[in-house]
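Subject: Structure handover

Hello,

Please find the structure for you below. My notes on what was found in it follow.

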There are 2 protein chains.
Amino acid sequence: MIDLKTLKFDSDGLIPAIIQDADKGDVLMMAWMNPEAVKKTVETGLTHFYSRSRQKLWLKGESSGHVQEVVRILVDCDADCLLVKARQKVAACHTGHRSCFYRDIEGKEISEPVFDAGEVYGDKGKS
Amino acid sequence: MIDLKTLKFDSDGLIPAIIQDADKGDVLMMAWMNPEAVKKTVETGLTHFYSRSRQKLWLKGESSGHVQEVVRILVDCDADCLLVKARQKVAACHTGHRSCFYRDIEGKEISEPVFDAGEVYGDKGKS
């Protein structure tokens, strides 16, 4: 059982969650969780987040099928950030890249897309 | 040259930065940067952050010597999160652990400290 009171959510009720591939070790994305998203992630074993723009809970991969199977959830020293080690189906990024971190700070792409984002998402939005 | 206007800072003028060991691949910590911290990090090759509690810029390792030498800085698809690949001197966490993510979500410690935090920091505060 997880006591959500041990986590420090910010003034918007959110905590950042870093998603790292459990096997390959690459950092895939960062997204935000509210208490319900943390609970759903623990209960289902699939990452759930809170979308600040859409103001709703979402299952990562709900439209694409590119879910993230949770292997382990770690908490940092200040209890205000989570690190989720997970197994990523296909790719994490809605752009078609495996990781959302596919550019360096000068804007140069460091990896190629692994799927066609237009085909997968169409006009349905992204997840 | 980096154009800081390409990055999306939040309403407090900050962007989260994930620090990952460039060689070992483990995620060491997450902290916040303001535009000046990003600029200093790029210019000096050592990570700088903005402390929300102390409201000031700080060089990671300024009191402990446990600096992070920047190897590469990546930006995510939404340009609102940074991933800094760096070489960590000694350890990242002020508790003595190599990574700030040394506990699972149930509070169990998954690693041992690698230095004595009391000896390193004394009463000087933490960084």
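Chain A holds 2 helices and 7 strands. Their order along the sequence of chain A is β-β-α-β-β-β-β-β-α. Please keep in mind that this is a predicted model, and that the values in this message are computed from it.

Overall form

The C-alpha atoms of chain A occupy a box of roughly 40 × 30 × 25 Å along the principal axes. The radius of gyration of chain A is 15 Å, which agrees with the value near 14 Å for a compact globule of 127 residues. Of the 127 residues in chain A, 47% count as buried. Contacts in chain A were also sorted by distance along the sequence: among those with a separation of 6 or more, 42% are between residues 24 or more positions apart.

Surface and charge

Chain A has an accessible surface of about 6200 Å², and carbon and sulfur atoms contribute 47% of that area. There are 18 positive and 20 negative charges in chain A, and the mean positions of the two sets lie 4 Å apart.

Helix α1 in chain A

Helix α1 of chain A runs over residues 35-44, and its buried residues are A:A37, A:V38 and A:T41. Seen down the axis of α1(A), these buried residues fall within an arc of 100°, so they line one face of the helix. What covers them? The cover of the buried residues of α1(A) includes strands β1 (15-21) and β2 (27-33), which precede the helix in the pattern. Also included are β3 (48-51), β4 (56-59), β5 (68-75) and β6 (82-88) of chain A. Just after α1(A) comes A:G45, which takes a positive phi of about 75°.

Helix α1 in chain B

In chain B, helix α1 spans residues 35-44 and has B:A37, B:V38 and B:T41 buried. The buried residues of α1(B) lie within an arc of 100° when seen down the helix axis, so they line one face of the helix. Among the elements that cover the buried residues of α1(B) are β1 (15-21), β2 (27-33), β3 (48-51), β4 (56-59), β5 (68-75) and β6 (82-88) of chain B. B:G45, placed just after α1(B), has a positive phi of about 75°.

If you want a place to start, look at α1(A) with A:A37, A:V38 and A:T41 shown, then at A:G45 just after the helix.

Regards

How values were computed:
Residues numbered from 1 in each chain as written. Chains lettered and ligands numbered in written order. Predicted model: local features only at pLDDT ≥ 70, side-chain atom pairs only at ≥ 80, totals over all residues. Heavy atoms only, no water. Helix = DSSP H or I, 4+ residues; strand = E, 2+ residues; numbered from the N terminus. Rg over C-alpha atoms; globule rule 2.2 N^0.38 Å. Buried < 20%, exposed > 50% of the residue type's maximum accessible area, 1.4 Å probe, protein only. Contact = heavy atoms within 4.5 Å. Areas by Shrake-Rupley, 256 points an atom, 1.4 Å probe, with all protein chains shown as cover. Lys, Arg positive; Asp, Glu negative; His and termini not counted. Charge placed at Lys NZ, Arg CZ, Asp CG, Glu CD. Arc of directions from axis to C-beta.
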